[in-house]
Amino acid sequence: MSRVAYVNGQYVPHSHAAVHVEDRGYQFSDGVYEVCEVWRGQIVDMTAHLDRLDRSLSELQIASPMSRAALVQVMKEVISLNRVKNGLIYMQVSRGVAPRDHYFPPAGTLPSVVMTAKSVPAGKMDKVAEQGVGVITVEENRWDRVDIKTVGLLPNVLAKQKAKEAGAREAWFVDKNGLITEGGSTNAWIILKNGTLVTRPATHGILKGITRAGVLKLAEMKGFSVEERGFSLEEAKSAQEAFLTSASGLVMPVVKINETILGDGRPGPIVQDLRKSFHEASELIKLEVAGG
Ligand code: PMP
């Protein structure tokens with residue numbers, strides 16, 4: 001079955017979906033994006049993702065491309081047209097198309113909106129999570145506004161490729177104080193020997209992950225103690241468990257940091273529990289899928 005993408009007001013075959021060569025997202029990374037999980041025919045934490053999209057847009061002074069109701073309608077349509085029950089929806093908004101010039105384009109230039117959805121076989125990430133993943137560490141080299149979810153992801157791309165070449169799945173950035181900020185596309189967590197969850201505060205140096213917020217809520221529901229503070233590589237290596245959070249991987253156990261194996265090298269019980277019950281703390285928006 002062929003896939004369909006939304007591009008600036010039209011639903012087009014995915015294979016032909018394209019933006020103009022002078023789109024500012026393409027030329028300047030002058031745009032923002034969101035990725036939401038679709039789980040059992042429901043959009044997970046949609047409100048939080050759209051709130052973050054609004055914030056990213058306003059931080060960059062990009063106009064809202066359409067009302068929230070319209071955006072939600074397009075999301076539902078893209079998911080439906082692609083028959084996604086379990087998978088991901090990607091949306092990107094750029095400052096629009098204009099003759100190449102660093103200055104903002106003339107007032108009235110319409111932001112570009114692109115949306116795609118893809119199915120991910122149910123259980124695919126569970127298989128990865130059963131084994132756990134490895135991470136490597138790299139020097140933090142990103143700008144200091146990584147709290148804005150821009151499409152300018154080159155340092156993240158290079159870091160994750162380095163991880164892949166080292167046989168790992170994720171790269172953790174380490175800041176100049178020796179503290180881990182986050183992964184190339186995930187937030188970073190450790191669990192201390194006393195069962196306390198530790199993750200960096202989302203004030204500076206990280207993206208305020210929606211999955212991170214979900215785990216904070218879940219931890220509270222389950223009565224885990226949580227410390228929002230920075231942690232070093234040394235502390236992470238001696239942690240009892242560690243994990244990554246993201247909409248695409250949910251709660252992903254880390255079993256190896258650089259050359260150090262954590263514990264017995266298998267996902268620990270707390271991480272597995274958080275993964276299993278993650279959606280208990282999520283907002284779930286049911287999709288009325290036309291035509292099944
Ligand atoms: N940090 C970075 C750099 C990311 O790209 C992502 C995923 N987009 C995350 C953290 C996790 O955010 P979320 O839980 O909202 O997917």
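## A hairpin at the start

Across from Y6 stands Y11, a residue of strand 2. This is a predicted model, where local features need pLDDT of at least 70, side-chain atom pairs count only at pLDDT 80 or more, and totals for chains, interfaces and linings use all residues. Residues are numbered from 1 along each chain as its sequence is written, and side-chain values use heavy atoms, leaving out hydrogens and water.

Strand 1 and strand 2 make a hairpin, with two residues between them. (Strands, E, at least two residues, and helices, H or I, at least four, are DSSP runs numbered from the N terminus.) The turn contains N8, which has a positive phi of about 45°. Four bridges join strand 1 to strand 2 in the antiparallel sense. (Two strands pair if DSSP finds at least two bridges between them.) Which way do the residues of strand 1 point? V4 and Y6 face one way, A5 and V7 the other, and all are buried. (Buried means under 20% relative accessible area, exposed over 50%, partly exposed in between, with a 1.4 Å probe and protein chains only.)

## The open sheet

Strand 1 and strand 2 belong to an open sheet of seven strands. The order is 2-1-6-5-3-4-16, and the pairing is antiparallel. Strand 2 (10–13) and strand 16 (284–286) stand at the edges. Each has a single partner strand, so one side of each lacks a neighbour in the sheet. On average, neighbouring strands here are turned by 25° against each other, direction ignored. (Axes are lines fitted to C-alpha atoms, for helices over the stretch in contact; angles run from 0 to 180 degrees between N-to-C directions.)

Strand 1 (residues 4–7) also runs antiparallel to strand 6, joined by two bridges. There, V7 has V114 of strand 6 as its bridge partner. Helix 2 packs on the sheet. It touches strand 3, strand 4 (42–44), strand 5 and strand 16, and its direction makes about 175° with that of strand 3. (Contact means heavy atoms within 4.5 Å.) Helix 3 packs on the sheet too, touching strands 1, 2, 3, 4, 5, 6 and 16. The direction of helix 3 makes about 35° with that of strand 6.

## Two nonpolar cores

The largest nonpolar core has 26 residues. (Such a core is a set of buried Ala, Val, Leu, Ile, Met, Phe, Trp, Tyr and Cys residues joined through side-chain atoms within 4.5 Å.) Which members touch the most others? They are L50, L53, M75, I79, I89 and M115. Two or more residues come from each of strand 3 (31–39), helix 2 (46–59), helix 3 (68–81), strand 5 (87–94) and strand 6 (112–119). Helix 3 gives the largest share, six residues.

M75 has a long contact list: C36, I43, M46, L50, I89, M91 and M115, not counting residues up to four places away in sequence. A second, separate core holds 21 residues, among them A129, V174, F231 and A242.

## Strand 7 and its partners

Strand 7 is largely enclosed by the rest of the structure, because five of its seven residues are buried. Strand 7 pairs with strand 14 (residues 250–257) in the parallel sense, over three bridges. In strand 14, V254 stands opposite V133. Strand 7 pairs with strand 8 in the parallel sense as well, over five bridges. Here V138 has F173 of strand 8 as its bridge partner.

## An aromatic pair

The model has four aromatic pairs. (Rings of Phe, Tyr and Trp, its six-membered ring, pair if their centres lie within 6.5 Å; planes under 30 degrees apart count as stacked, over 60 as edge-to-face, the rest as tilted.) W172 and F231 have ring centres 6.1 Å apart and planes at 70°, so this pair is edge-to-face. The two residues are 59 residues apart in the chain. W172 sits in strand 8 (residues 170–174), and F231 in the loop between strand 12 (226–228) and helix 7 (233–237). Both W172 and F231 are buried.

## The loop after strand 7

T150 lies in the loop between strand 7 (133–139) and helix 5 (154–165). Is T150 buried or exposed? Its relative accessibility is 9%, so T150 counts as buried. Beyond its neighbours within four places in sequence, T150 contacts G31, V32, Y33, L60 and W143.

W143 is found in the loop between strand 7 and helix 5. W143 is partly exposed, with a relative accessible area of 47%. Residues up to four places away aside, W143 touches I148 and T150. From W143 to G205 is 62 residues in sequence and 8.7 Å in space, C-alpha to C-alpha.

Methods. Pairing = 2+ DSSP bridges.
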